[in-house]
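Hi,

Here is the structure I promised to pass on. Have a look at it first, and then read my notes below.

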Amino acid sequence: MEELLTELKSKRISGVGIPEDYALIQAWMHEIRTFNPTRRIYRINPYIEVYEFRKNVFSLFTQNCDGAGDVWMHLIVGPEKAMLIDTAFGLGDIKGLCDLLSGGKELIVVNTHPHPDHGYGNCRFDKVYCHEYAADTLRRQDEHLWDYLFDENGNNKWLIFDKEDLPVFKPYEIVPCKDGTVFDLGGGHEVELKWVPGHHSAHCMFLDKKNKILFAGDGICAHVSGEGSGMRPNDPYGKYNNLECYRAELRKLYERLDEFDSVFPCHFILDLPAKPLLDAMLEACDAILDEDRIDFEEPYITGGGEAVIRQYKYVKGFGILGVQKQNDGIRYRR
Ligand SMILES: [Fe+2]
C-alpha cells in the first residue's frame with residue numbers, strides 16, 4: 001500500500017498561486033483541498049495532490065513554480081491505455097505517479113499548449129503529442145528551461161521546492177498532430193484533440209467522449225481567460241492567436257454539446273457545466289467582436305515581459321475574458 005502524505009512538499013513565497021481577489025476560486029479551491037474525500041498525496045510525488053472527480057479520471061493539482069496560477073494536469077485511465085494531459089513544470093516523479101494510478105497502463109502524454117506551466121515536464125517522458133503548431137516551440141526546450149525560477153544566488157523566487165526534484169532535461173519525441181486527431185484508450189474510449197487557438201496559436205482542448213468531459217486547458221479559466229496575444233517572436237502561426245479564431249473554434253464545440261456536459265480547465269475551478277459556460281463565453285466574445293463592448297481595460301505585463309493594454313469583458317456567472325489590445329486590432333481579429 002502506497003504511503004500517503006498530508007501536505008505538499010512545495011510552499012509558495014510569492015506570486016499568484018490561487019488568486020486572493022477572486023472569492024469563488026478561493027472558496028472552491030479551499031473546499032476541495034480541505035474536505036474532498038478523494039484527495040491523496042502519494043510519497044512517490046509529494047508535489048501533487050490527486051483527486052478523482054470521476055471514476056478513473058484523476059485531476060492532479062500542483063503549485064505553479066513561477067508567479068502564475070496553480071495548475072491542474074489530468075489523467076484519464078481507459079480500458080487499455082491512459083492519457084496524461086499536460087506535464088506542468090515537471091516537479092517530482094510524474095511518470096511514477098501516473099503508473100501507480102493507472103496500474104502501469106501504457107501512457108499517452110499530450111499538451112494543451114507549450115507554455116511553461118503545461119509543457120516543462122515533457123522530458124520526463126519518451127514521447128509527447130501536441131498540436132502541429134506547438135512542435136517547433138517544444139523542440140527549442142533545453143536544460144535551461146527552469147533557470148528563471150531561481151535568483152542570482154540560486155534561491156527559489158516564487159515557490160520553495162527542492163531543485164533536485166526538477167527533471168534532468170533529455171530530448172524526447174515530439175509528435176505533431178492535426179486538429180481532430182483521435183486517441184483510442186481501448187474499448188472505444190476515444191479522446192479527440194480539438195484545436196482552439198487564442199490563448200496560444202497551438203492551444204488545443206481534449207474531448208473525452210466516454211466521460212463527456214471537455215478538458216479545456218487555458219482556453220477557459222475561472223479567473224481571466226486570456227485570449228489573443230497576437231503575433232509572437234518565433235511563432236509563425238501567431239495570425240491565429242486572436243479572439244476571432246478562438247470564437248470560431250468555440251462555436252464548433254458548441255455545436256457538439258451532445259458529446260460533453262462538463263468542462264475541466266487546467267487552472268482553478270473544475271467540473272463546470274458545459275452549456276451555460278459556453279453560452280456565456282460566446283456571448284462575451286460577441287460583445288467584444290461585434291459590438292466593441294468591453295467592461296474595463298488596464299495595463300498588463302505579458303509572460304514575455306511586454307507592456308500592453310488588456311481589455312476585459314465579464315463572462316456572465318463565471319469570470320472574465322481578457323484580450324490584449326493593439327491598434328490594428330489583430331489581437332481581436334484575423
Ligand atoms: Fe496555464
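I'll start with helix α5, where the buried residues are Leu243, Glu244, Cys245, Tyr246, Arg247, Glu249, Leu250 and Leu253. Bear in mind that this is a predicted model. As for what those buried residues sit against, they pack on β13 (190-195), β15, β16 (224-227), α6 (274-291) and β21 (319-325). The helix itself covers residues 243-254, twelve in number. From first C-alpha to last, α5 reaches 16 Å, close to the 16 Å expected at 1.5 Å a residue.

Two of those packing partners, β13 and β15, also belong to an open sheet of six strands. Its order is β12-β13-β14-β15-β17-β18, and the pairing is mixed. At the edges you'll find β12 (182-184) and β18 (272-273); each has a single partner strand, so one side of each is left without a neighbour in the sheet.

Further in, how do β14 and β15 pair? They run in the antiparallel sense, with three bridges between residues 204-208 of β14 and residues 213-217 of β15. If you want one pair to look at on screen, try Leu207, whose bridge partner in β15 is Leu214.

Last, a residue from the other end of my notes: Glu7, in the loop between β1 (4-5) and β2 (11-12). Is Glu7 buried or exposed? It counts as exposed, because just 9 other C-beta atoms lie within 10 Å and the cut-off for exposed is 12 or fewer. Glu7 is also 31 Å from Asp142, C-alpha to C-alpha, with 135 residues separating the two in sequence.

Cheers

Conventions:
Residues numbered from 1 in each chain as written. Predicted model: local features only at pLDDT ≥ 70, side-chain atom pairs only at ≥ 80, totals over all residues. Helix = DSSP H or I, 4+ residues; strand = E, 2+ residues; numbered from the N terminus. Buried ≥ 20, exposed ≤ 12 C-beta atoms within 10 Å, placed from the backbone. Pairing = 2+ DSSP bridges. Expected span 1.5 Å × (residues − 1). Contact = placed C-beta atoms within 7 Å.
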